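Work through the exercises below with the model open beside you. Try each task before reading its solution.

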Amino acid sequence: MYGAVSLNKNGHLNVRIMQYLKKHNIVYRSPQYRGCEGFPIGNGSFGGMLYHSADTIEMTLSHTDAIDFTKDGNFKAWAWESEEENTAPAACGRLSIFDGMPSFDKLYLKKYCSTLSLAEGSVQMESETCFSKYHMTMFCSREKQLLYCDVNVDTVEDVVKTVRLTRWGSRNFFHDYEQMAECREKNLQKTRTGTENGCLYVMQKLRGSITLTMVQVAGQGQVIVNNSHSIEYQVNPKCRHFTVFVRCQIIETEEEAASACLQFKEEAEGITAEKLMAVQRQEWKEFWIKSFVYLPDDDYIENLYNSYLYLLNSCSRGQYPVTFGGIWCPNADIRNWGHYYHWNHQQIYWGLHTGGHSELMENYYNYRENMLPQAQADGMVLFHSSGAFYSDISNYNGYQALEPDTVRNLTPGAQIAMDFYKHYQYTCDEVFLRQRAYPMMKACAKLYEDLLEDSDQGYMIRGGSSCYESYWILKATMTDWAMISVLFDALTEASVVLGCDEEKRKEWETIRRRLYSLPLSREDTGKGEATLLSPGLKWDNIPVRFGEGEYPFNTFGFSQLAAVYPSGVISLKDRGKKEFKAAEATFELAKERDFMVRNSEATAGHNAAPEIGARLGDKKDTMELIRMFALKYQVFKNGTCHFADIRSGKRHEVKYRTRVIESGMPTDWRKVHEKNDGKRVLLDTEVFLHCYFEAHANIYTGINEMLLQSCDGIIRVFPAAEQGMNAAFELYAAGGFRVVSEMVRGEILYVSVTASVQSDCRLENPWEQEEPIRIISQDCEIPFEEMEGVVKFHMEADEICVIERCNRPLCCYYQNEITGKENTGVKQFKGNQLGCDQEF
């Protein structure tokens, strides 16, 4: 059998990306009537879910920056007085297109096909009944900041085609399953519809922002204002083709509406469909070519990988970072978990640097940077420290929830600081490091500096701390040990790069050296005794055991593995050491009891099991964990995920028995999570169902970590690839490197590295030590050093180096192109599916 590789001379994989990604089309052969099953469409700042009723085409309209702000100040996330009084994202409206007939009713359909193109960010829909035919193209343009919807319709009789714009606000139901307020009038006021300069609009004055949603219809017809919440354009009955343009915009004053409508109308009238679509394709092509992952034996998983990138590019370019529900909430203003919950929120961004998409993190950096003064003020109030305290819960205003389960969880600040530092590590942008990352890192480290006290056990946190989402205050925690270790090491490195803070550097080094010991426990795992990573030490110095305690006085399910991920303190560099073996044993036990159990109630989609498995080089189960995440959490046919395994029957009831908070009722904190006390009402859970990012993010990041790691400055390719795997990737490593590699039946063929800056590259030799290698740059061999399996060589900026085996050089391989067949149907995976078959 001949050998072939797909690497070209420019250091990229041979793949025509836009053609290839057609294999990941998501295809519906029947209309979807559930908003959560609709197609997500967006341009980075606004968009929504496209779906149907039996009579209509429906499009929810949301904007990342449509926020109903409450007054400034810290808040109580679960206080009864705060329910429906918190800052919350809001919808902008709903677009409905219909002809007065049941044109999408399965009872009458003869044909139906709707295709979401991940490659182009567009939807093509065709349908046919005995009395109507539709063909629609829809996409959201970033260049023009509008939604484009082109409709061709043929009906057996002349009927009015209606384009209706509505805005009916609602309560947010942050805690739908637990408690609700009876303010049914919320978000219904201060809404008006009208026409301005020939443009239809609906405008709502929220607290602190004004949403203006405009519609322009190209096609003869008339405007009808139904009421202050609804306006429509009735297209002439004889018209068979019309185009709808929609823009959602945030304005500062109501007086701006007239000029905004005029500008929108003029821009819409000047649009050429072909040119607009060409720009759309080019924008998405520029996005997709930055990275590439090829998993030919796991096409379904590869589809989910690319779906995640599609979703983020569609909603992560606004002024405000999205919460972990994105802009894909289909029912009015319902936004379950509408605050920023840092443990969940950070997961959205974990894999983006490796994927080459740091641009999708800019609003996250801005948000966290802007709230730094408030975090420092909270540090002073809580701990008399000028350091920054970032709570696990914060709102769009940049204020925080200071509550019993947040005030002693000290790790969010360090995690945020390391997100900033990671940006420097991958981009080598010293300006970013000096002006943004380093100040954030120092501010978050200062909190620890002020709380750490030297003792006979090393530096300990005065008053103790808690693990993630826990009320249990421990003498020492694994989570703090991990984040102090990685943050203070990073500060030391950064101060050297910047040539500053030499005296502080000595202090940081001392703290790091004398920090309390890594918490370990000796336990019976059911297969004999083993040394495990412990969540922390109790006040009697006894380590917390695996699974010890009951909520809320227990530790988050994977706190004990924080030293592996996200901190990266324990990594593959430590193989063979005591702490690495303890991490492996802990992970094996966690897999057996929680991570690999389909109906486990101990874990949810916001656990980092795939990343932890990859960081430990678990070739046996990392890919299986990724598949398990897909099986558990990808519950919607459009490829989106939930945070819970809701189909298991254990994590999602059919009805919620929710507490009704009556007006003026003061919070009784002893009863907040009590399940039977007080007035209760049954709520249909279907009303609140929408997607969440966490599980999807962990699938995406887990794949990246399985294929490429560089957390300790050493590049490792396929560190957790399963036996016999076929795969290829083009991803990014710390140090400003683009890395390309291919694996065929478990054999690594080569590694290609492109440097963005002049530096030394360190690569773990992916082959057996006795197999000689060489490094080729510009057709010449270059010198390298190898020590303990790590190859070191110097690279100039933009230089491409290929590491290959001497006995199997690339010149002996044929050149292949990676290709894929366009998907036109449903994909299946162990009972899960992407798309849907004909159901009529």
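## Exercise 1: a buried loop residue

The side chain of N409 makes a polar contact (N and O atoms paired within 3.5 Å, one able to donate a hydrogen and the other to accept it, with residues adjacent in sequence counted only through side-chain atoms on both sides) with the side chain of T411, at 2.8 Å. This is a predicted model, where local features need pLDDT of at least 70, side-chain atom pairs count only at pLDDT 80 or more, and totals for chains, interfaces and linings use all residues. Residues are numbered from 1 along each chain as its sequence is written, and side-chain values use heavy atoms, with hydrogens and water left out.

Task: Where is N409 found, and is N409 buried or exposed?

Solution.
- Step 1. Find the loop between strand 21 (393-394) and helix 8 (411-427); N409 is there. Helices (H or I, at least four residues) and strands (E, at least two) are DSSP runs, numbered from the N terminus.
- Step 2. Check the accessible area. N409 has a relative value of 1% and is buried. Buried means under 20%, exposed over 50%, and partly exposed in between, with a 1.4 Å probe and protein chains only.
- Step 3. List the contacts (heavy atoms within 4.5 Å). Leaving out residues up to four places away in sequence, N409 touches F389, Y390, D392, S466, C467, Y468 and E469.

## Exercise 2: domains and cores

Task: Into which domains is the protein chain divided, and which residues of the largest nonpolar core touch the most other members?

Solution.
- Step 1. Take the domain bounds, which come from an automatic or database domain assignment. Domain 1 is 3-11 + 735-815, domain 2 is 31-289, and domain 3 is 299-646 + 689-703.
- Step 2. Compare C-alpha centres. Those of domain 1 and domain 2 are separated by 49 Å.
- Step 3. Turn to the nonpolar cores (sets of buried Ala, Val, Leu, Ile, Met, Phe, Trp, Tyr and Cys residues joined through side-chain atoms within 4.5 Å). The largest has 240 residues. L147, F242, W288, L487, F693 and I703 touch the most other members.
- Step 4. Note that another core, of 19 residues, lies apart from the largest one; F139, L146, I251 and M277 are among its members.
- Step 5. Look around W288. Beyond its neighbours within four places in sequence, W288 contacts I17, M18, L21, L118, A119, N306, L309 and Y310.

## Exercise 3: the seven-stranded sheet

Task: In what order do the seven strands of the open sheet run, and which strands stand at its edges?

Solution.
- Step 1. Trace the order: 19-34-35-36-42-38-39, with antiparallel pairing. Two strands pair if DSSP finds at least two bridges between them.
- Step 2. Find the edges. Strand 19 (292-294) and strand 39 (780-781) each have a single partner strand, so one side of each lacks a neighbour in the sheet.
- Step 3. Follow strand 34 (727-733) into strand 35 (737-744). Seven bridges join these antiparallel strands, and L731 stands opposite V739. Their hairpin has three residues between the strands, and G735 takes a positive phi near 105 degrees.
- Step 4. Go on to strand 36 (747-755), joined to strand 35 by eight antiparallel bridges. R738 faces T754. Here two residues lie between the strands, and R745 takes a positive phi near 50 degrees.
- Step 5. Check burial in strand 35: seven of its eight residues are buried.
- Step 6. Pair strand 38 (773-777) with strand 42 (800-805): four bridges, antiparallel. I775 has I803 as its bridge partner.

## Exercise 4: the nine-stranded sheet

Task: Which strands stand at the edges of the nine-stranded sheet, and which strands does helix 3 lie across?

Solution.
- Step 1. Read the order of this open, antiparallel sheet: 2-7-8-9-10-18-15-14-13.
- Step 2. Strand 2 (26-28) and strand 13 (191-196) are the edges; each has a single partner strand, so one side of each has no neighbour in the sheet.
- Step 3. Strand 7 (109-117) and strand 8 (122-129) pair over eight antiparallel bridges. S114 has M125 as its bridge partner.
- Step 4. Helix 3 (273-288) lies across strand 8, strand 9 (132-141) and strand 10 (146-155). Helix 3 runs at about 55 degrees to strand 9. Axes are lines fitted to C-alpha atoms, for helices over the stretch in contact, and angles run from 0 to 180 degrees between N-to-C directions.
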